[in-house]
Amino acid sequence: MADLTPHSTALHGRRILLGVSGSIAAYKAAPLTRLLVKAGAEVQVILTEAATAFVTPLTLGTLSKKPVLTGFLRDAAAGEWHNHVELGLWADALLIAPASANTIGQLANGLCPNLLCAVYLSARCPVFLAPAMDLDMYAHPAVTQNLARLRSFGNHVFDSPSGELASGLSGHGRMLEPEDMMAELTKFFAGFVSK
Ligand SMILES: Cc1cc2nc3c(=O)[nH]c(=O)nc-3n(C[C@H](O)[C@H](O)[C@H](O)COP(=O)(O)O)c2cc1C
């Protein structure tokens with residue numbers, strides 16, 4: 001586990017919405033959640049349906065100490081739903097890690113098929129995205145343009161480091177490591193007065 005001391009001040013008390021989409025890198029949402037919580041952040045995890053095949057709500061709910069949100073509805077029979085507007089206003093930052101090609105495309109085009117996209121569209125806080133996909137997907141002009149579009153909205157897109165990918169190929173596309181994301185978030189929040 002990384003040394004948590006440098007992160008502890010800037011992230012202490014910050015409300016972080018952690019959106020996890022359907023990439024093989026979703027398993028790294030577990031150590032990321034742990035690092036955020038250890039740094040004193042309040043973490044609310046939102047999983048896409050596809051992400052639940054890669055990492056369980058039980059794992060992330062246990063690590064974040066909060067029930068994980070997946071669909072729009074909390075209890076369909078009772079008419080209870082998760083308020084994406086409130087979630088978007090609650091957060092100090094929305095971090096989408098990993099961000100799949102599909103989710104990136106939906107966000108860049110204002111689509112709203114799931115709770116994570118609805119929260120993104122409602123959020124007034126800074127948004128950080130950590131793309132994660134195979135190298136040819138990452139290099140595709142459709143993905144490149146979608147990422148450029150998200151940057152043009154003022155979103156922070158972490159560059160993907162080069163390295164070995166789950167497919168066995170090597171190149172850009174892997175998700176920025178949780179420790180490096182923590183360093184980026186710490187740098188960002190260090191400019192703000194701590195709560
Ligand atoms: C084993 C497996 C691994 C996958 N890994 C990735 C990935 O790393 N990045 C990605 O963009 N899509 C990946 N996909 C495809 C996404 O899971 C798929 O596009 C899904 O619809 C994404 O939905 P979401 O964006 O709503 O989470 C993978 C699919 C499978 C079956």
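Helices in this account are DSSP runs of H or I that span at least four residues, numbered from the N terminus. With that in hand, it can be said that helix H5 is followed by Gly110, a residue whose phi is positive, near 70 degrees. The model is a predicted one, and H5 is a useful place from which to begin reading it.

Helix H5, which covers residues 101-108, is mostly covered, with six of its eight residues buried. The buried positions are Ala101, Thr103, Ile104, Gln106, Leu107 and Ala108. Among the elements that cover these buried residues of H5 are strand S5 (93-99) and strand S6 (127-131), together with helix H6 (115-122), helix H7 (135-139) and helix H8 (141-152).

The same helix also leads to the ligand, since H5 contributes three residues to the shell around the ligand, the largest share. Of the 15 residues around the ligand, those that come nearest are Ser21, Gly22, Ser23, Ala50 and Ser100. Sorted by class, this shell holds eight nonpolar and seven polar residues but no charged ones.

A further point of interest is the pairing of helix H2 (residues 29-38) with helix H9 (residues 178-190), whose axes come within 9 Å and cross at roughly 40 degrees. H2 and H9 are therefore oblique to each other, and the crossing in which H2 passes H9 is right-handed. On the H2 side the contact is made by Pro31, Leu32 and Leu35, which meet Pro178, Glu179, Met181 and Met182 of H9. By class, the residues of this contact between H2 and H9 comprise six nonpolar, no polar and one charged.

Key: Residues numbered from 1 in each chain as written. Predicted model: local features only at pLDDT ≥ 70, side-chain atom pairs only at ≥ 80, totals over all residues. Near = placed C-beta within 6 Å. Helix = DSSP H or I, 4+ residues; strand = E, 2+ residues; numbered from the N terminus. Nonpolar A, V, L, I, M, F, W, Y, C, P; charged D, E, K, R; others polar. Axes fitted to C-alpha atoms, helices over the stretch in contact; angles between N-to-C directions. Parallel < 35°, antiparallel > 145°, perpendicular 65-115°, else oblique. Left-handed = near helix turned anticlockwise from the far one by under 90°. Contact = placed C-beta atoms within 7 Å. Buried ≥ 20, exposed ≤ 12 C-beta atoms within 10 Å, placed from the backbone.
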